[in-house]
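Hi,

Here is the structure I promised to pass on. Have a look at it first, then read my notes below.

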Amino acid sequence: MDNNTTLFTIAIFAENHVGLLNQMSIIFTRRCLNIESVSASRCSIPDVHKLTITCFSDRVTMEKVVKQIEKRIDVLRAFLYTDDELVYQEVALYKVPTARLLDEEHLEEIIRRHGARILEVSRDNTILEKTGHSDETEALFNELKRYDIRQFVRSGRVAITKSPVEHVDRFLSDQEQRRKRIDRV
């Protein structure tokens, strides 16, 4: 990774149509950019979904990527952010052997120190959950490696802007006003 790269987050507001994620992936692939994480779900706007994609690159390249994304017909708007402009989290799940949890006194202390929760306990395995930034979920993973961790999975980033202005709402409002002006003519 180049020293001039930053982790950027792109928030994409789009209609939920088949192939949208593939179209986004192609934009990154053409520029030889690796997507670090991706998450998608419906958002607060009816019939609109939000894709959150993270990628290491430079600002100029990422601004070009956002412009390419916005050319897609299903995309309403895309916004580029750095970490200081967002509140964000990831969720990680860990599967450890229940016997190790019961036998190793330090394991419970590690779970408590990292603020993880026990989601399920069975005879064979215990499932843990940790919510936080990727470095926090990775730190817990690294400590659990000594205890025969069987599975580890982390979600993509979910993020909300710190800005008091909802940019996508402003964009949609402007579009509606523009449509009304055109209808009057």
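Let's start with strand S4, residues 75-82: 6 of its 8 residues are buried, so the strand is largely enclosed by the rest of the structure. Buried here means under 20% relative accessible area, exposed means over 50%, and partly exposed is in between (1.4 Å probe, protein chains only). Helices (H or I, at least four residues) and strands (E, at least two) are DSSP runs, numbered from the N terminus.

Before you go further: this is a predicted model, where local features need pLDDT of at least 70 and side-chain atom pairs count only at pLDDT 80 or more, while totals for chains, interfaces and linings use all residues. Residues are numbered from 1 along each chain as its sequence is written, and side-chain values use heavy atoms, with hydrogens and water left out.

Back to S4. It runs antiparallel to strand S1 (residues 6-14), and 7 bridges join the two; strands pair if DSSP finds at least two bridges between them. One spot to click on is Ile12, whose bridge partner in S4 is Ala78.

Now the rings. There are 4 aromatic pairs in the structure. In one of them, the ring centres of Phe13 and Phe79 are 6.1 Å apart and the planes are at 75°, so this pair is edge-to-face. Phe13 sits in S1 and Phe79 in S4, so to speak a link between distant parts of the chain, 66 residues apart. For the cut-offs: rings of Phe, Tyr and Trp (its six-membered ring) pair if their centres lie within 6.5 Å, and planes under 30 degrees apart count as stacked, over 60 as edge-to-face and the rest as tilted. Both Phe13 and Phe79 are buried, and ring pairs join them with Tyr81 into a cluster.

Next, helix H1 (residues 20-30). Which of its residues are buried? They are Leu20, Met24, Ile27 and Phe28. These cover an arc of only 95° around the axis, which puts them on the same side of H1; the arc is that of the directions from the helix axis to the C-beta atoms. Thr29 and Arg30, on the other side, are exposed. Right after H1 comes Cys32, with a positive phi near 55°.

Helix H4 (residues 105-113) is worth a look too: Leu107, Ile110 and Ile111 are its buried residues. They fall within an arc of 100° seen down the axis, so they line one face of H4. Glu105 and Arg112 are exposed on the face turned away from that buried side.

Have fun with it!
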